[in-house]
Amino acid sequence: AVTVDIDGDPRPVATPDIGADELVQADLSVTKTDGVGSVTPGGSTTYTVVASNAGAHNVTGATVADTIPAFLTCNWTCSGTLGGTCTAAGSGNINDTVNLPAGGSVTYTLVCSVSGAATGSIANTATVSSATADPNAANNSATDTDTVGAPTADLSITKTDGATTEIPGTSVTYTITASNAGPSGVTGATVADTFPASISGVTWTCVGAGGGTCTAAGSGNISDTVNLPAGGSVTFTAVGNISASATGSLSNTATVSSSVTDPNSGNNSATDTDTLTPQANLGITKTDGVTTVTAGGSTTYTITASNVGPSNAPGSTVADTFPAVLTGTWTCVGAGGGTCTAAGSGNINDTVNLPAGGSVTYTVSASISASATGSLSNTATVATGGGVTDPTPG
């Protein structure tokens, strides 16, 4: 450059050198947060990572990086603003090449599952870097730290035999399912079922699903240590015999419990209740062993009432009204637990107890009137009482 002084002579003057000394600079920064201070084992959290450029110069080929901690499993998406560009989506660690024009930014959204085994705290750091000079490197890294809270698991249990009524003297099959709706897994939970005295001979099997584990088989009451990961379950199938003497209702409760905090303990117990409907197939036979008798003579009848079950039949009635031409006395003995009046005379109208498999036998010694003619017919009956039904009264 030149100038002219007052006498008209040209002379050189100095001009500032701006091309060689001015630095190209960009103020990159990154922020990261999931908006919470604690996470739950087995739960989830969502991080927002924003990388931006507050400098005067554009940056091409910057790097946004985030190494995911071991207790997290993440998927992410990314979008840019004011010219910022990034990879649209990915999973796991972020190591993304981005473009950040002056004033532009890119935003990553990381949706992460927290391991059920997580403990302590989880620290997660994101960084932004480039080859462009940055006068403020202190904001090029951001860390979010969360405390790992106590495990929380919504355990539940169901129990059913698929019926509303049961017959004493038959078997019953219960299906018991313990589940974990999470978010945390549970190791060492207890499934328990103390069967009522009216159920005997219980055997059970168990299978797991969704990672649930339990003892494969057992007998008697259930008190089993099980493992229930989030989403897992165990199912017990228990088969027992209902006492033939059971009456009223049959109620049976199963529970699941653990040391892990359960936000909904109301579903940790399940009860199946059935109305008991006793049924007893009673039968009776009667014979005097002959086909003819003599007027003025005698005959001996044997009458046996029995119960083939399945339920007991207490308070049943055995009846025999003798025809006018007979005069008799009788004795009775029981078998298989059956009971009756030991002896009597005249017509029989006896209250007896007939357990399943039991019987009572009457021996009737009868005198036949000398005036008897024609044929001699005599009928004995047995009938249930006390709310017991007979499915085959014929």
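How do the residues of the lining of the largest pocket divide into nonpolar, polar and charged? There are 8 nonpolar, 8 polar and 1 charged. Here Ala, Val, Leu, Ile, Met, Phe, Trp, Tyr, Cys and Pro count as nonpolar, Asp, Glu, Lys and Arg as charged, and the others, Gly among them, as polar.

Before I go on, the ground rules. This is a predicted model, in which local features need pLDDT of at least 70 and side-chain atom pairs count only at pLDDT 80 or more, while totals for chains, interfaces and linings use all residues. Residues are numbered from 1 along each chain as its sequence is written, and side-chain values use heavy atoms, with hydrogens and water left out.

Confidence next. pLDDT is the predictor's confidence in each residue, from 0 to 100. The chain average is 94, and 94% of the residues score at least 70. Residues 1–6 have a pLDDT below 50, with 11 contacts in the model beyond near neighbours in sequence; a contact means heavy atoms within 4.5 Å. Residues 11–21 also stay under 50, and for them the model has 7 contacts beyond four places in sequence.

Back to the pocket. A pocket is found on a 1 Å grid over the protein atoms alone, as an open set of points where a 1.4 Å probe fits, with protein on both sides within 12 Å along at least five of seven lines; lining residues have an atom within 4 Å of a point. The largest one holds about 260 Å³ of space, the volume being the space filled by probe spheres set on the points, which are joined across faces, edges and corners. Its lining has 17 residues, and Thr292, Val293, Gly374, Ser375 and Leu376 lie nearest the centre.

Now the strands. They are DSSP runs of E, at least two residues long, numbered from the N terminus, and two strands pair if DSSP finds at least two bridges between them.

One open sheet has 3 strands in the order β28-β25-β30, paired antiparallel. Its edge strands, each pairing on one side only, are β28 (348–354) and β30 (380–383). From one strand to the next the twist averages 20°, with axes as lines fitted to C-alpha atoms and angles running from 0 to 180 degrees between N-to-C directions. Between β25 (residues 313–320) and β30 there are 4 bridges, and threonine 317 has alanine 383 as its bridge partner in β30.

A second open sheet has 5 strands, ordered β14-β22-β21-β16-β19, with mixed pairing. β14 (165–166) and β19 (222–228) are the edges. β14 runs parallel to β22 (residues 269–276) over 2 bridges, where threonine 165 partners threonine 275.

Elsewhere, β24 (residues 298–310) pairs antiparallel with β29 (residues 359–368) over 9 bridges, with threonine 302 partnered by threonine 363. β23 (residues 280–287) is antiparallel to β24 over 7 bridges, and isoleucine 284 stands opposite alanine 305. β29 is also joined antiparallel to β26 (residues 326–335) by 10 bridges; there, threonine 327 is matched with serine 367.

Last, the backbone. Most residues other than glycine have a negative phi, and most peptide bonds are trans. Glycine 182 and proline 183 are joined by a cis peptide bond, omega about 10°, and proline 183 belongs to β15 (residues 171–183). Another cis bond links glycine 309 to proline 310, with omega about 10°; proline 310 is in β24. Leucine 82 has a positive phi, near 50°, and lies in the loop between β7 (72–81) and β8 (89–91).
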